[in-house]
Amino acid sequence: LAWHSGLSGYEIAEEYIEMTHGYFEYHPKQHEMVTYSFDQNNEFFQKGEFAFLDEHYFVKCDEEKTNVFLTSTSVDGKSIAGWHHQFGNGRVVCLTPAHLKEGLDHPVLVQLLADSLKRIIS
């Protein structure tokens, strides 16, 4: 599980980026309302969307090698916010939300984290 800061600071760790198929590029300095939307065709996670004040992460993701299930949108633009795939004998889930207490306590995010862990270990 690569969650939030687990996607940043690894520019030189090529093997780690190869495993995650993505990495943090930047975030605006100002926290804004960020809306997270689940891909309606995903089979592992919830449907719909949720929003909270957050540090909007913008990432680089190799979409051809993974399954994007969550996107993020704010006044600063749109980015990928969640993806999963097989890697070797294991499974990888990458998530970009959340930075502040409001997001960390959000019931949909809490469920998303639980679902992500279930996805990895099942």
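## Close-up views of a predicted model

**View 1. His4 counts as buried, at 8% relative accessibility.** Buried here means under 20% relative accessible area, so a value of 8% places His4 in that group. Keep in mind, as you look at each view, that this is a predicted model. His4 sits in the loop between strand 1 (2–3) and helix 1 (14–20). Its backbone has a positive phi of about 50 degrees, although His4 is not a glycine.

**View 2. His21 is another residue with a positive phi that is not a glycine.** The phi of His21 is about 60 degrees. You can find His21 in the loop that links helix 1 to strand 2 (22–26). Is His21 buried or exposed? With a relative accessible area of 13%, His21 is buried.

**View 3. Ala2 is a buried residue of strand 1.** Strand 1 holds Ala2, and the relative accessible area of this residue is 3%. Which residues does Ala2 touch, once neighbours within four places in sequence are left aside? They are Leu7, Tyr16, Thr20, Val93, Cys94 and Leu95. For a sense of distance, look from Ala2 to Tyr23: the two are 21 residues apart along the chain, and their C-alpha atoms are separated by 9.6 Å.

**View 4. The largest nonpolar core has 15 residues.** Which members touch the most other members of this core? They are Tyr36, Phe38, Phe69, Leu70 and Leu112. Several elements give two or more residues each: strand 3 (32–38), strand 4 (49–54), strand 6 (67–74), strand 8 (90–95) and helix 3 (107–121). A second, separate core contains 10 residues, among them Ala2, Val59, Cys61 and Cys94. In soluble globular proteins, nonpolar side chains tend to be buried together.

**View 5. Leu70 and its contacts are shown here.** Leaving out residues up to four places away in sequence, Leu70 touches Tyr36, Ser37, Phe38, Phe50, Ile80, Ala81, Gly82, Pro97 and Leu112. Some of these names may look familiar from the previous view: Tyr36, Phe38 and Leu112 are, with Leu70, among the core members that touch the most others.

**View 6. A cis peptide bond runs from Pro97 to Ala98.** The omega of this bond is near 15 degrees. Where is Ala98 found? Look in the loop between strand 8 and helix 2 (101–104). Pro97, on the other side of the bond, is one of the residues that Leu70 touches.

**View 7. Stepping back, the whole chain has 3 helices and 8 strands.** Reading along the sequence, you meet them in the pattern β-α-β-β-β-β-β-β-β-α-α. The C-alpha atoms fill a box of roughly 35 × 30 × 25 Å along the principal axes. A compact globule of 122 residues would have a radius of gyration near 14 Å, and the 13 Å of this chain agrees with that. Buried residues make up 43% of the 122 residues. How many of the contacts between residues at least 6 apart in sequence join residues at least 24 apart? The share is 55%.

**View 8. The surface of the chain comes to about 6,800 Å² of accessible area.** Carbon and sulfur atoms account for 51% of this surface. The chain carries 9 positive and 18 negative charges, and the mean positions of these two sets are 6 Å apart.

Methods: Residues numbered from 1 in each chain as written. Predicted model: local features only at pLDDT ≥ 70, side-chain atom pairs only at ≥ 80, totals over all residues. Heavy atoms only, no water. Core = buried A, V, L, I, M, F, W, Y, C linked by side-chain atoms within 4.5 Å. Buried < 20%, exposed > 50% of the residue type's maximum accessible area, 1.4 Å probe, protein only. Helix = DSSP H or I, 4+ residues; strand = E, 2+ residues; numbered from the N terminus. Contact = heavy atoms within 4.5 Å. Rg over C-alpha atoms; globule rule 2.2 N^0.38 Å. Areas by Shrake-Rupley, 256 points an atom, 1.4 Å probe, with all protein chains shown as cover. Lys, Arg positive; Asp, Glu negative; His and termini not counted. Charge placed at Lys NZ, Arg CZ, Asp CG, Glu CD.
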